[in-house]
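Let's take a walk through this structure together, from the outside in. Have a look at the sequence and the fold first, and then we'll go step by step.

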Amino acid sequence: MNIELLEDYLLVVNIIGFALYTINKLLYRYADKNADFLLTICSIAGGSLGIVIAIFLLDRKAGKENMMSRVFVFSVLIIQII
């Protein structure tokens, strides 16, 4: 597999993960809905780093509502790093 193609894929997936987390945060704040299933799919596809960066930059407050999603994303990131 071409390394440049893999790098491009990971860059795009992480940007999408960052955007999805931002959209999920806005949906939860203003409409009481969430898109956690999209975040789960994106993190498994390789976008967990983008989601973790979004968590650190945009949403530092932890609550019961979003903690399980965060634990899953951090776990997937550790698995992907290993």
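A quick bit of vocabulary to start: a residue is called exposed when its relative accessible area is over 50%, and buried when that value is under 20%. Keep in mind, too, that what you're looking at is a predicted model.

Start with I3, which sits in helix 1, the stretch covering residues 3-31. Is I3 buried or exposed? Its relative accessible area is 53%, so I3 counts as exposed. I3 also has company out there: together with L6, Y9 and L10, I3 makes up a nonpolar patch on the surface. Taken together, those residues offer about 350 Å² of accessible area.

Now slide along to N24, which also has its place in helix 1. Here the picture flips: N24 has a relative accessible area of just 8%, so N24 is buried. And what does N24 touch, once you set aside its neighbours within four places in sequence? The answer is K33, N34, A35, D36 and L39.

That last one, L39, leads us inside. L39 belongs to the largest nonpolar core, a set of 10 residues that also includes V13, Y21, C42, I51, V52, A54, I55, V73 and L77. Two or more residues of this core come from each of helix 1, helix 2 (36-58) and helix 3 (67-81). Helix 2 supplies the largest share, with six residues.

Let's finish with one core member, I55. Leaving out neighbours within four places in sequence, I55 is in contact with Y21, R60 and R70. Of these, Y21 is itself part of the core.

Methods:
Residues are numbered from 1 along each chain as its sequence is written. This is a predicted model: local features need pLDDT of at least 70, side-chain atom pairs count only at pLDDT 80 or more; totals for chains, interfaces and linings use all residues. Side-chain values use heavy atoms; hydrogens and water are left out. Patches are made of residues with over 30% relative accessible area and no salt bridge: like charges are joined within 9 Å, nonpolar side chains (Val, Leu, Ile, Met, Phe, Trp, Tyr) within 5 Å. Accessible areas come from the Shrake-Rupley method with a 1.4 Å probe; for residues, only the protein chains shown count as cover. A salt bridge is a side-chain nitrogen of Lys or Arg within 4 Å of a carboxyl oxygen of Asp or Glu. Helices (H or I, at least four residues) and strands (E, at least two) are DSSP runs, numbered from the N terminus. Buried means under 20% relative accessible area, exposed over 50%, partly exposed in between (1.4 Å probe, protein chains only). Contact means heavy atoms within 4.5 Å. A nonpolar core is a set of buried Ala, Val, Leu, Ile, Met, Phe, Trp, Tyr and Cys residues joined through side-chain atoms within 4.5 Å.
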